[in-house]
Structures are given as C-alpha cells and as structure tokens.
2 protein chains.
Amino acid sequence: MSDSAFTGRFLGVLGGMGPMAGAAFMVRLTALTDAATEQQHVPAMLWSDPRVPDRPAGYAGTGEDPFPWMLHGVRQMEQMGAGAVAIPCNTAHLWYDRLAAGTSLAVLHIVRSVVADLRRQGIAQGRIGLLGTAATLSSGLYQRELEAQGYECVLLPQEDLLRYCAESIRRVKLNQTEAAFEPAAQCVRLLRRQGVDAVVLGCTELPLALPHGLRPSLDVAVIDSIDALARAAIAWHRGG
Amino acid sequence: MSDSAFTGRFLGVLGGMGPMAGAAFMVRLTALTDAATEQQHVPAMLWSDPRVPDRPAGYAGTGEDPFPWMLHGVRQMEQMGAGAVAIPCNTAHLWYDRLAAGTSLAVLHIVRSVVADLRRQGIAQGRIGLLGTAATLSSGLYQRELEAQGYECVLLPQEDLLRYCAESIRRVKLNQTEAAFEPAAQCVRLLRRQGVDAVVLGCTELPLALPHGLRPSLDVAVIDSIDALARAAIAWHRGG
C-alpha cells in the first residue's frame, strides 16, 4: 500500500490552549459533521501542547511569549501533511497575522467563523454581547470584525468581566467545569438585560462552562466560538 | 528559541476509530489529569483519520485491511516526536503485536489498562462481564488477559450482543449518542443479573453511550476502557 493512499484534505488543529478546549473542538467537529459512515468524518490531527505559555499574560507582556510554541505546532502539522489549520483559542488569534505569515497553510479565523455563524443563525444585524478574556476584548479583535459587518458590540463593565467571565474561564482551566456554569450564566444574563440580540462566547473555555443542553434556559441566542470554528473546518473539508 | 525548548514526553494518540472515541479520549485525558495549571497537562498529539477501514470487517476478512492505516498514523506520530502511543479503540488491539513490531515507540495496551483499573477500583478477583464488538469478544483479547489474572469472564449470548451491544455501538458511530444509551444500559442490566462484579466497556464507543453521570443508576461497577487507557497514559507521562 503506497503512501498516496493516505492523501486527502487533513485538518490541523492547534489545540492545548487549553487542552479541554482543543479536545472539545474535536468532539464538536465530529458531532457537527453530517456523515452516514465513520469513514466520512473529517481527517484531522490535533497538536495539543498545553505548555504554551498563557496567552493573556504573553499579550500583556507580563509572561513568556507563546508565539514560538504556536508556530512550532503549526509547522509540525504542516510537515505531517495538514492542509489547513484551525486554532480553538480566541486569544491566540492576537497572533493570527504572524502565524499565518509563518506557514504556507490556510489558517481559519475564529472571529470570521463566529460572524458566519451569526448569519447562519439569522442574526444579520443588531447588538452583540461579547465575552472573552481581557486580552481578547481589550485588543478589539471581535469589535473590528463585527463593526465592519454592521453589528454593534456590547461589553460588560470591567468589574463584571473580572468577577464572572474571568472566573468562569479560570474554573474550566482547573477542570471545575460544573462550578464554571454559574459565573458564565451570570455574564449572559447581564448582557441579556442590556437587550443584546446574541451573546458571543469569545473564549473557547466558555462553551465548556455552558453545556449545550442548559443554553435554552439562558433565553438569548448564544454563539459558540468552538462550534463556529468546527463548522468552518467542516466547510473547508467539504471544499467550501 | 531553539527547538530543544519543545522537548519532553509527548503522548501520541491513534484516534479516528471512531473519531468521537478519539476525541473523548482527549477529553478524559484532560479531565483525569491532576494539574494545578493548564501547562501541567499531558502534551499530546491526536492522529484522527476516520478513514481507517472498519476493524471488525477487516478482522473477519470481509472488508479492507485497516492495518496499513494504523501503522501510517503511528509512524507519523513517531516522526513528530511522540514518546508512546495510546490507541483508544479496543478492536484495533487485534493488530497490537504487528503495530508494536512496526514502531520503536512504546504502545500502551488498552486491555492491560483495564486490568489495572479493575485493581484500582478494588476488584482483585471475581466475575467480569465483557462488552465489545463481536471481533474483540470472539478473539479472546480480554478473556486471555483477565483469566491469566484470575478473573472469570462472563459474556452475553450472541443474540443479545447483536441486538443491544452492537446496536449501541452503531448508534454512537452515527452520532446518535442519546439513542445509544438504552441498548448499552440493557447489556449492563443483563450482565448484572448474572451476578458479575463488574462490567467492562470493552469498546470505546460504549463509554460514550453511557455518560458518567448516568452510571450510578446501573448499580454495578463499570470499567471504562477510555478512562482506563487515559489513566495509563497519564501514568506514562508522569514517568510511571
């Protein structure tokens, strides 16, 4: 059997940031693929090196630079034959341009995937509540893309973000997933009271804090950045 | 930053068989790791090529040989610097000796991991109910190892295995995870009525059919081959 038998579109997934978000991406990639047989699923490789230094600290200049670790992972997957890369970590997208410049592979963009998912859910305009790490939100990563598409962005006050959003992310990273629900749900409630049309879970730990089955009780459209990126990856695999 | 910065024990995971089981392994590897920070989790790479031909059919000689696909995945991970390989698919272990002979890497054995997990749960002897694919069960893969350790194996009649166990596995592979619960639970109940001390979920689709939260209602010790293999991988990473 020649090596040519193993060709075809192979997705590279730069995970580990955190490890549960990368693993959950693989679960959702599988769950969201419409496949009649196991063999029709998306061939993928996940590079899960959780030793990548903390992204918010790296961006703030208070911690080690995570970029060399991310580039190393992307290049390993490039060598192994990946055809595109998905990065299930929103904050990592602060290094998107440098990563895309460091590889010949197409790098899917999580924020553009979220915008596509807003449209898919029929939300073509309106007020969008944003949740994420302080680094993601203060960088304007989401605001630039959403405002360019005509959306209005709504953020919670810093103290609420710190008290609820950052706390929920912290608990997920400590494997305290159930305890992460309440602070994340509180963020969604506070945004809903501000009359938003949707809430973007713009950190890949937040979808883990808010299991799909419990989202209807939040009573507002929730845009899940893991699911949005998985849908973009499936579309890439299908040749879209 | 030199490449030497990225060394350290890296786990290779030969997934894709099926893709949800491989993804779930990554979730459980993370959930079962005792880590105070994200960076302390196990560095891992997952090779998830779901195009690997069906293992039971390949073993029966009625379908394409999956072995070259498995070996290709292991060798890719070897090239990328993996230090050991875990294979979250029980039936794939019918090719364990050939795979281990085809790589210089240590290959963890899922059946030995299950035996270690029986001991960890305090079940040092007794009657063990076995669930798995027809190929896994008819090959004696589990029976040889368990009987050598002094356990007695209990199997359901073929017609129950086909009607409930194979059906549950089939539904998981079709992403019908909720519908997979009842036939898997029925297998466990039938074995419990035969007075077993534990039931081994000896196919990595079965733990997906029986979510951890619902297992206490089954009222018998359940040995999860995904969790057992994840624990073995964590022990390997810790140098055990």
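Start by selecting Cys203(B) in this predicted model. Its sulfur has Cys165(B) as the closest cysteine partner, at 6.8 Å, which is too far for a bond. A disulfide would need the two sulfurs within 2.5 Å. Cys203(B) is also buried, at 3% relative accessibility.

Now go to chain A and pick Cys89(A). The closest cysteine sulfur here belongs to Cys203(A), 6.9 Å away, so again no bond forms. Cys89(A) is buried too, with a relative accessible area of 5%. How many disulfides are there over all chains? The count is 0.

**Confidence check**

Colour chain A by pLDDT. The mean is 96, and 98% of the residues in chain A reach 70 or more. For the complex, the predictor gives an ipTM of 0.96 and a pTM of 0.96.

**Two helices in chain B**

Select residues 110–120 of chain B for helix 5, then 141–148 of chain B for helix 7. Look along the pair. Their axes are 10 Å apart, and the packing angle is about 40°. That angle makes helix 5 of chain B oblique to helix 7 of chain B. The crossing of helix 5 over helix 7 in chain B is right-handed.

Show side chains at this contact. Helix 5 of chain B contributes Ile110(B), Val111(B), Arg112(B), Val114(B), Val115(B) and Leu118(B). Across from them, helix 7 of chain B offers Leu141(B), Tyr142(B), Glu145(B) and Leu146(B).

**A loop residue with distant contacts**

Move to Gln194(A). Which elements flank its loop? Helix 9 (177–193) comes before and strand 7 (198–201) after, both in chain A. Is Gln194(A) buried or exposed? It falls in between: at 34% relative accessibility, Gln194(A) counts as partly exposed.

List the neighbours of Gln194(A), leaving out residues up to four places away in sequence. They are Arg127(A), Val154(A), Leu155(A) and Leu156(A). Then draw a C-alpha to C-alpha distance from Gln194(A) to Gly129(A). The two sit 65 residues apart in sequence, yet 8.7 Å apart in space.

**Cis peptides in both chains**

Zoom in on Met17(A) and Gly18(A). A cis peptide bond joins them, with omega about -15°. Gly18(A) is in the loop between strand 1 (11–15) and helix 1 (19–31) of chain A.

Switch to chain B and select Met17(B) with Gly18(B). Here too the peptide bond is cis, and omega is about -10°. Gly18(B) is found in the loop from strand 1 (11–15) to helix 1 (19–31) of chain B.

**Positive phi outside glycine**

Return to chain A and select Asn175(A). What is notable about its backbone? Phi is positive, about 65°, although Asn175(A) is not a glycine. The residue lies in the loop between helix 8 (158–173) and helix 9 of chain A. Asn175(A) is partly exposed, with a relative accessible area of 24%.

The last stop is Asp219(B). Its phi is near 60°, again a positive value in a residue other than glycine. Find Asp219(B) in the loop between helix 10 (206–209) and strand 8 (221–224) of chain B. Turn on the surface: Asp219(B) is exposed, at 60% relative accessible area.

Technical notes. Residues are numbered from 1 along each chain as its sequence is written. Chains are lettered from A and ligands numbered from 1 in the order in which they are written. This is a predicted model: local features need pLDDT of at least 70, side-chain atom pairs count only at pLDDT 80 or more; totals for chains, interfaces and linings use all residues. Side-chain values use heavy atoms; hydrogens and water are left out. pLDDT is the predictor's confidence in each residue, from 0 to 100. Buried means under 20% relative accessible area, exposed over 50%, partly exposed in between (1.4 Å probe, protein chains only). Axes are lines fitted to C-alpha atoms, for helices over the stretch in contact, and angles run from 0 to 180 degrees between N-to-C directions. Helices (H or I, at least four residues) and strands (E, at least two) are DSSP runs, numbered from the N terminus. Angles under 35 degrees count as roughly parallel, over 145 as roughly antiparallel, 65 to 115 as roughly perpendicular and the rest as oblique. A crossing is left-handed if the near helix is turned anticlockwise from the far one by less than a right angle, and right-handed if clockwise. Contact means heavy atoms within 4.5 Å.
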